[in-house]
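Here are some exercises to work through with the model open beside you. Try each one before reading its solution.

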Amino acid sequence: MADDEIWDVTDIQGTPTGTLHRRGDGPVPAGSFHIVASVCVVSSTGRVLMSRRAAQKDYPLAWEFPAGSALRGESSRRGAVREVDEEVGLVLAPDDLVLVGRVVEERALFDLWAAAVEGEPTPWIDPEEVLDAEWATLDDVRRRWEDGAFATPWNARFAQLWDVLITRVAEVRGAQG
């Protein structure tokens, strides 16, 4: 999460406008967006991987699914794969991701993806980004969300995507065979 990250500025459909934005320069211009991508990693046991944000980040010590901004020239799918690798050390293939949905936020287009993994691999966390990571049931995730333990932006995200998330988690787990 360096302040020198460069993002594509997009329109509301997620199409790059040709303008670039540096993270350290504040929010993207009003009426414009950047892509934020997250992955709900689903184990073959049916549990999902949550990560806890590092103390020095915005929303310190709050839970989330691994997430971050897509970089210049990067699709949402590729940004999501990169963020999971950077934050929790799990390598996913872009084609393994299934879109849960998109939430239009004030200055970001938030895409939530789901992807299945075999077993419950041990996360390798980047301490600059993540304090902890753990496998949990969706009921545990919902309890933590309702208890206010998730980073604040996740309230609107879950409110819009929760029912679809439950369906996608079952689908990607079922596709594992």
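The exercises below go from aromatic rings to helices, a hairpin and a loop.

This is a predicted model, in which local features need pLDDT of at least 70, side-chain atom pairs count only at pLDDT 80 or more, and totals for chains, interfaces and linings use all residues. Residues are numbered from 1 along each chain as its sequence is written, and side-chain values use heavy atoms, with hydrogens and water left out.

**Exercise 1. Classify the ring pair of tryptophan 145 and phenylalanine 158, and place both residues in the fold.**

Start with the rule: rings of Phe, Tyr and Trp (its six-membered ring) pair if their centres lie within 6.5 Å, and planes under 30 degrees apart count as stacked, over 60 as edge-to-face and the rest as tilted. The whole structure holds ten aromatic pairs. In this one the centres are 5.1 Å apart and the planes stand at 55 degrees, so the pair is tilted. Next, locate the partners: tryptophan 145 belongs to helix H2 (residues 138-146) and phenylalanine 158 to helix H3 (residues 153-174), 13 residues apart. Helices (H or I, at least four residues) and strands (E, at least two) are DSSP runs, numbered from the N terminus.

Finally, check burial, where buried means under 20% relative accessible area, exposed over 50% and partly exposed in between (1.4 Å probe, protein chains only). Tryptophan 145 has 13%, so it is buried; phenylalanine 158 has 0% and is buried too.

**Exercise 2. Find what surrounds the ring of tryptophan 154.**

First, tryptophan 154 pairs edge-to-face with phenylalanine 150, at 6.1 Å centre to centre and 65 degrees between the planes. Both of these residues are buried. Second, arginine 157 lies over the face of tryptophan 154, 5.2 Å from the ring centre. A charge sits over a ring if NZ of Lys or CZ of Arg is within 6 Å of the ring centre and within 35 degrees of the ring normal. The charged end of arginine 157 also sits over the ring of phenylalanine 110, 3.8 Å from its centre. Third, widen the view: ring pairs link Phe65, Phe110, Trp145, Phe150, Trp154, Phe158 and Trp162 into a cluster.

**Exercise 3. Compare the expected span of H3 with the model, then look for a bend.**

The expected span is 1.5 Å times one less than the number of residues. For the 22 residues of H3 this gives 32 Å, and the end C-alpha atoms are 29 Å apart, which agrees. Now take the bend, the angle between axes fitted to the seven residues ending at a position and the seven starting there. H3 bends by about 65 degrees at leucine 161, and Leu161 is among the buried residues of H3.

**Exercise 4. Describe how S1 and S2 are joined.**

Two strands pair if DSSP finds at least two bridges between them. Here four bridges join S1 (residues 6-10) to S2 (residues 16-22), and the strands run antiparallel. Threonine 10 stands opposite proline 16 in S2. The result is a hairpin with five residues between the strands, and glycine 14 in its turn has a positive phi of about 90 degrees. Four of the five residues of S1 are buried.

**Exercise 5. Which phi value does tyrosine 59 have, and is the residue buried or exposed?**

Its phi is near 55 degrees, a positive value in a residue other than glycine. Tyrosine 59 lies in the loop between S4 and S5. With a relative accessible area of 40%, tyrosine 59 is partly exposed.
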